[in-house]
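Let's take a walk through this chain, starting with the overall layout and then stopping at a few side chains. Have the structure open as you read.

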Amino acid sequence: MTTAKTSNEHFDMDDFDSLLDGLTAEELDKINDFVDPENSYLPAGDRCKPQTNKAATGPYNRNQLLEFLTEQGKNEKDWDEQKPYVAGEKRGKVWEPAAVVTPTTEEDDFLAPTEWDDVLTNASETEIVELAAILGFTGLINQVQYHAAVMDKASSVNSGGWNAAAKAEPLRIVPPEPDNTTNVEDCIKKASANDKELIRININNIRDVKVDVLKDLLNALKENTYVEVLEMVNVGMTDSVGRSLVELIEANTTLKTVNAESNRLTGPVITEIVRSTLKNQTIIELRLSNQLTNN
């Protein structure tokens, strides 16, 4: 069985034009019915078939067209109305606003007078503001009024009422904290001597403490039985000092709180410090956040 193959490689447009020239007007209209009006590949003027067979009356003249439409509108008779127009007469349904029903105490038991009516009626604006703060109506008051009510403090005279705008409070000058004057060498001596009056060691924010001095302090606390709080925040603690802290936690059973935040410990050493607390399980509070590591 053989199949014939058709190809348009040798197609000539002249043959297509001659084929269209041989069609009648009725046949061309039928072909136009198959054209898709939404085909974006066709020009806009070719997507719809002609709607009229009238001959052209001449070139487009806008002024002449406007004059023709004006004269035609004047000469045409108006449509007959079902009801003739009468000046001043209203047609259709006249709009009227809905009647507002005012509830009364006899109709609604919810609005019945209670013992709180006299209290709220006679309350001052300051008392109403305080009540709104307690109930959590923060949209009716400003932040100063809210905190004054929550903290049970007297509200300021300038705090305002319902329409009080939020404004900045006067700046309170807070003096800087004094430098830490703890003597690290003295702490090492007292820790080594197991001084019972030494319960807390705080060397926070003491700069330029040598690594050997920090290690000596940690080694002196291994056998100490009185120190319960050790605070070493922002003292430049490195990994070598951190490993000494690991040995201290594993050897000491008196320490309850260890704070070594804001130092230079790396992740592996922090892991070792946390694991060291599992040996004796006497540490209640361990702080190691905000470590500065150089990658």
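Which pattern does the chain follow when you read along the sequence? It goes α-α-α-α-α-α-α-β-α-β-α-β-α-β. Keep in mind that this is a predicted model. In total there are 10 helices and 4 strands.

**The chain as a whole**

Of the 295 residues, 20% count as buried. The chain exposes about 24,300 Å², and carbon and sulfur atoms supply 52% of that area. Among contacts with a separation of 6 or more, 66% come from residues 24 or more positions apart.

**The sheet**

The strands make an open sheet of 4, in the order E1-E2-E3-E4, and the pairing is parallel. Strand E1 (200–202) and strand E4 (285–287) sit at the edges; each has a single partner strand, so one side of each has no neighbour in the sheet. From one strand to the next, the twist averages 5°. If you look at how E1 meets strand E2 (residues 229–231), you'll find 3 bridges joining the two, running parallel. Asn202 has Glu231 in E2 as its bridge partner.

**The core**

The largest nonpolar core has 33 residues. Those with the most contacts inside this core are Ile201, Ile203, Leu230, Met232, Met237, Leu245 and Ile273. Which elements give two or more residues to this core? They are helix H7 (184–192), helix H8 (211–220), helix H9 (239–251) and helix H10 (267–280).

Met237 is a good one to click on. Leaving out residues up to four places away in sequence, Met237 touches Met232, Gly242, Leu245, Ala260, Asn263, Arg264 and Leu265.

**Three polar residues up close**

Start with Glu231, which is found in strand E2. Is Glu231 buried or exposed? Glu231 is buried, because its relative accessible area is 13% and the cut-off for buried is under 20%. Besides being the bridge partner of Asn202, Glu231 makes a polar contact with the side chain of Asn202 through its own side chain. Not counting neighbours within four places in sequence, Glu231 is in contact with Arg200, Ile201, Asn202, Ile203, Asn204 and Asn259.

Next comes Arg287, over in strand E4. Arg287 is partly exposed, at 38% relative accessible area. Its side chain has a polar contact with the side chain of Glu285. With residues up to four places away set aside, Arg287 touches Val258, Asn259, Ala260 and Glu261. Val258 is 29 residues from Arg287 along the chain, yet their C-alpha atoms are separated by 6.4 Å.

Last is Gln291, in the segment after E4. Gln291 counts as buried because its relative accessibility is 18%. What does the side chain of Gln291 reach at 3.2 Å? It reaches the backbone nitrogen of Asn263. A polar atom of the Gln291 side chain also lies 3.1 Å from the backbone oxygen of Leu288. Beyond its neighbours within four places in sequence, Gln291 is in contact with Ala260, Glu261, Ser262, Asn263, Arg264, Leu265 and Ile270.

Here are the polar pairs with their distances:

| Side chain | Partner | Distance |
|---|---|---|
| Glu231 | Asn202 side chain | 3.1 Å |
| Arg287 | Glu285 side chain | 2.6 Å |
| Gln291 | Asn263 backbone nitrogen | 3.2 Å |
| Gln291 | Leu288 backbone oxygen | 3.1 Å |

Notes
Residues numbered from 1 in each chain as written. Predicted model: local features only at pLDDT ≥ 70, side-chain atom pairs only at ≥ 80, totals over all residues. Heavy atoms only, no water. Buried < 20%, exposed > 50% of the residue type's maximum accessible area, 1.4 Å probe, protein only. Contact = heavy atoms within 4.5 Å. Areas by Shrake-Rupley, 256 points an atom, 1.4 Å probe, with all protein chains shown as cover. Pairing = 2+ DSSP bridges. Axes fitted to C-alpha atoms, helices over the stretch in contact; angles between N-to-C directions. Core = buried A, V, L, I, M, F, W, Y, C linked by side-chain atoms within 4.5 Å. Polar contact = N/O pair within 3.5 Å; in protein donor to acceptor, adjacent residues only side chain to side chain.
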